[in-house]
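Trainee: Could you pick one part of this model and take me through it up close? I'd like to see how it connects to the rest.

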Amino acid sequence: TGVDTPGDLCQAQFSSSEKTVCEGTAITFTDQSYHTVSSRVWTFEGGSPATSTSINPSVIYTTPGSYDVTLTVNNGSDSESITIPNYVVVHDNDGTPLPYSEGFETLSALPDNDRFTINNPFGETWEITSAAANTGSKSVFLGNYGGPIESRDDLISGTIDLSDVDADDDIVFNFKYAYSKRYASNDEWIRIYVSNNCGESWALRKNISGDDLSEAVSS
């Protein structure tokens, strides 16, 4: 049965408008703690302001890196706290200069919160593997064999500096991939997006799906 009174303070929780930004970009945080919160204290490692008591603080990060965020809430008698390590990833505005290539040879794990970040709310994760490679000994792998239908898992690179490219020239991005379906009827996609405003908006540049990925079936 339900009750007709406010619940006890039981969890500190928050969300944000962005998690991965370029330096100088503001992020808006939202206190989603429950219940009966009467006050709160935020701590933003690397951010300005470094602390806040607002429900929805706006924080600017000016130095590239990965930063913890802490929220402590209080209802007058009890308190709850949460710290999420490396919650905010800030990329260099200038980015990696051309020529750019990535073989994953010097990476031991993903995300490294520098060259690559991950957005995978559905549970699977991108990982570094030595089980297959085109050159060298490593590649990046997504094991979504048992993943939910219509899930999406993003692997996001750091900023790449294209300032020396003439506006009239084409930009070509080459990559190699391997894929195996669980069932012959599966229809999955690799989609390549680009952003020229540090992830505020994205444009689809390549979509590979269906049998264009591979006709191989693992079961």
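**A close look at the salt bridges**

Mentor: Let's start where Lys181 and Asp211 bring their side chains together in a salt bridge, 2.6 Å from N to O. Lys181 sits in the loop between β13 (154-157) and β14 (189-194), while Asp211 belongs to the segment after β15 (203-209), so this pair ties together parts that are 30 residues apart in sequence. Check the accessibility on each side: Lys181 has a relative accessible area of just 4%, so it counts as buried. Asp211, at 46%, is partly exposed. Keep in mind that this is a predicted model.

The structure holds four salt bridges, so let's look at a couple of others. Glu102 pairs with Arg115, with the closest N and O atoms 2.9 Å apart. Both partners are in the loop between β9 and β10, yet they are 13 residues apart, and the pair links distant parts of the chain. Here the two ends match in class: Glu102 is partly exposed at 24%, and Arg115 is partly exposed at 27%.

Then there's Arg152 with Asp154, whose side chains meet at 3.0 Å, N to O. Arg152 is exposed, with a relative accessible area of 52%, whereas Asp154 is buried at 18%.

Stay in that β9-β10 loop for a moment, since the rings there are worth a look too. Phe104 and Phe116 make a tilted aromatic pair, 5.5 Å centre to centre with 40° between the planes. Phe104 lies in the loop and Phe116 in strand β10, so the pair ties together parts twelve residues apart in sequence. Both rings are buried. The loop also carries Leu98, which is partly exposed at 45% relative accessibility. Leu98 joins Leu162 and Ile171 in a nonpolar surface patch of about 270 Å².

The Phe104 pair has company: the whole structure contains eleven aromatic pairs. Another of these is Trp42 with Phe44, stacked at 5.5 Å centre to centre and 15° between the planes. Trp42 and Phe44 are both buried, and they belong to an aromatic cluster with Phe14, Phe29 and Tyr87.

Now trace β9 (79-91) back from the loop. β9 is part of an open, mixed sheet of five strands, ordered β2-β9-β8-β4-β6. At its edges stand β2 (20-22) and β6 (51-52), each with a single partner strand, so one side of each has no neighbour in the sheet. β2 runs parallel to β9 over three bridges, and Cys22 stands opposite His91 there.

A second open sheet has four strands in the order β1-β3-β7-β5, with antiparallel pairing. Its edge strands are β1 (14-16) and β5 (47-48); each has a single partner, so one side of each is again left without a neighbour. Three bridges join β1 to β3 (residues 25-31), where Ser15 has Thr30 as its bridge partner.

Zooming out, you'll find 15 strands and zero helices. Of the 219 residues, 23% count as buried, which puts Lys181 among the buried ones at its 4%. Of the contacts between residues at least 6 apart in sequence, 56% join residues at least 24 apart. The C-alpha atoms fill a box of roughly 60 × 50 × 30 Å along the principal axes, and the protein exposes about 13,900 Å², 47% of it from carbon and sulfur atoms.

Note on methods. Residues are numbered from 1 along each chain as its sequence is written. This is a predicted model: local features need pLDDT of at least 70, side-chain atom pairs count only at pLDDT 80 or more; totals for chains, interfaces and linings use all residues. Side-chain values use heavy atoms; hydrogens and water are left out. Patches are made of residues with over 30% relative accessible area and no salt bridge: like charges are joined within 9 Å, nonpolar side chains (Val, Leu, Ile, Met, Phe, Trp, Tyr) within 5 Å. Accessible areas come from the Shrake-Rupley method with a 1.4 Å probe; for residues, only the protein chains shown count as cover. Helices (H or I, at least four residues) and strands (E, at least two) are DSSP runs, numbered from the N terminus. Buried means under 20% relative accessible area, exposed over 50%, partly exposed in between (1.4 Å probe, protein chains only). Two strands pair if DSSP finds at least two bridges between them. Contact means heavy atoms within 4.5 Å. Rings of Phe, Tyr and Trp (its six-membered ring) pair if their centres lie within 6.5 Å; planes under 30 degrees apart count as stacked, over 60 as edge-to-face and the rest as tilted.
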